[in-house]
Amino acid sequence: MDNIHAPTVPSGESSRPLANGNAAHLSFAELQAKKDNMEAELKALSGVLDSHGVNMNTPLTTADGFPRADIDVAQIRTTRSRIIYLRNDYKDLMNTIEKYLHEHFASLKDTEGGSAAASSSSAATNNPAGILGDSIPDTLDETFARVNSVAANSPAESAGLKAGDEIRNFGYVNKGNNDGLKKVAECVQGNQGQRVLVKVSRRTDGGQRQELRLNLVPRSDWGGRGLLGCHILPI
């Protein structure tokens, strides 16, 4: 007998065309629209599970091994399967968006001349924590959050975050869509083990502003609480 707790289809990579299929050829606005659509569907599917009082790991059988009669087991299995597919596609899409951003910034830096490119290359070589550059030549988003504290040996510390850093972008989250930092939490949960591009503004000892792009990898196995190991407050 099939495992009743498993989704109705295998939980590996989707066999259907990916939701972000050919995403590399889309504009940033189209990529953003796909991301928003995926997030909306994942939220709706989560609501389906909530309506049954279950989550992705809730047992679907009774203590003696029979399907539970108080919930719609078939619908829950189908919903779980769709969530797994979307999560896989969402990670692929976010990787595509990140690649797009890296290429975009690289092209902007190329226009600044050979000396700027050499300086950027040197900075990347000397920043194993993931700091990609000291300045960002495009228009900057407003800051919306401040790093209040960073735990030792945490993913946040490994990425280069420091207390006092002000966040302009956290992955796809910015001042206009952060929803009281709720979207930051969603971005973290949806990208465990994946790189998230974080743009921060840091005040130096001389009082000047340093604009940084950091690669942060949320993970739970670092030995402390949470997936980041830092405390972020809204501005």
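# A tour of the pockets, the cavity and the sheet

Sorted by class, the lining of the second largest pocket holds six nonpolar, five polar and three charged residues. That is our starting point, and keep in mind that this is a predicted model.

**Stop 1: the second largest pocket.** Select F28, L101, D141, N169 and K199: of the 14 residues lining this pocket, these are the closest to its centre. The space inside comes to about 250 Å³. Now colour the helices. α1 and α2 each supply at least two residues of the lining, and α2 gives the most, with five residues. Then try colouring by domain: at least three lining residues come from each of domain 1 (28-109) and domain 2 (145-234).

**Stop 2: the largest pocket.** Next, pick L42, R87, E186, Q189 and G190. What do they surround? The largest pocket has a volume of about 650 Å³, and those five are the closest to its centre among the 20 residues that line it. Show α1 (28-52), α2 (73-110) and α5 (182-190) as cartoons, since these are the elements that give two or more residues to the lining. Which of them gives the largest share of the lining? It's α1, with seven residues. By class, the lining has eight nonpolar, five polar and seven charged residues. Domain 1 (28-109) and domain 2 (145-234) each contribute at least three residues here.

**Stop 3: the cavity.** Rolling a probe the size of a water molecule over the atoms shows where empty space is left. In this model, the count is one cavity of 30 Å³ or more, and about 110 Å³ of space lies in the largest cavity. To find its walls, select M94, N95, I97, E98, L101, G171, Y172, C187, N191, R195, V196 and L197. The elements that give two or more residues to this lining are α2 and β3, and the largest share, five residues, comes from α2. Seven of the lining residues are nonpolar, three are polar and two are charged. Where does the cavity sit relative to the domains? Domain 1 (28-109) and domain 2 (145-234) both give residues to the lining, so the cavity lies between them.

**Stop 4: a salt bridge.** Keep E98 and R195 from the cavity lining on screen and show their side chains. The two meet in a salt bridge, at 3.7 Å from N to O. This pair links distant parts of the chain: E98 belongs to helix α2, while R195 is in the loop between α5 and β3, 97 residues apart. Want to hunt for others? A search of the whole structure finds eleven salt bridges.

**Stop 5: the sheet.** Strands of a sheet pair through backbone hydrogen bonds, either parallel or antiparallel. Switch to the strands: five of them form an open sheet in the order β4-β3-β2-β1-β5, with antiparallel pairing. Look at the edges, where β4 (209-216) and β5 (230-234) stand. Each has a single partner strand, so one side of each is left without a neighbour in the sheet. Turn the view and compare strand directions: on average, neighbouring strands are turned by 35 degrees against each other, direction ignored.

Finish by zooming in on β3 (residues 196-203) and β4, which pair in the antiparallel sense over eight bridges. Select V196 and look across to β4: what stands opposite V196 there? You'll find L216. You have met V196 already, as one of the residues lining the largest cavity.

Definitions and conventions. Residues numbered from 1 in each chain as written. Predicted model: local features only at pLDDT ≥ 70, side-chain atom pairs only at ≥ 80, totals over all residues. Heavy atoms only, no water. 1 Å grid on protein atoms, 1.4 Å probe; cavity = no way out; pocket = protein on both sides within 12 Å on 5 of 7 lines; lining within 4 Å. Points joined across faces, edges and corners; volume = space filled by probe spheres on them. Helix = DSSP H or I, 4+ residues; strand = E, 2+ residues; numbered from the N terminus. Nonpolar A, V, L, I, M, F, W, Y, C, P; charged D, E, K, R; others polar. Domains from an automatic or database assignment. Pairing = 2+ DSSP bridges. Axes fitted to C-alpha atoms, helices over the stretch in contact; angles between N-to-C directions. Salt bridge = Lys/Arg side-chain N within 4 Å of Asp/Glu carboxyl O.
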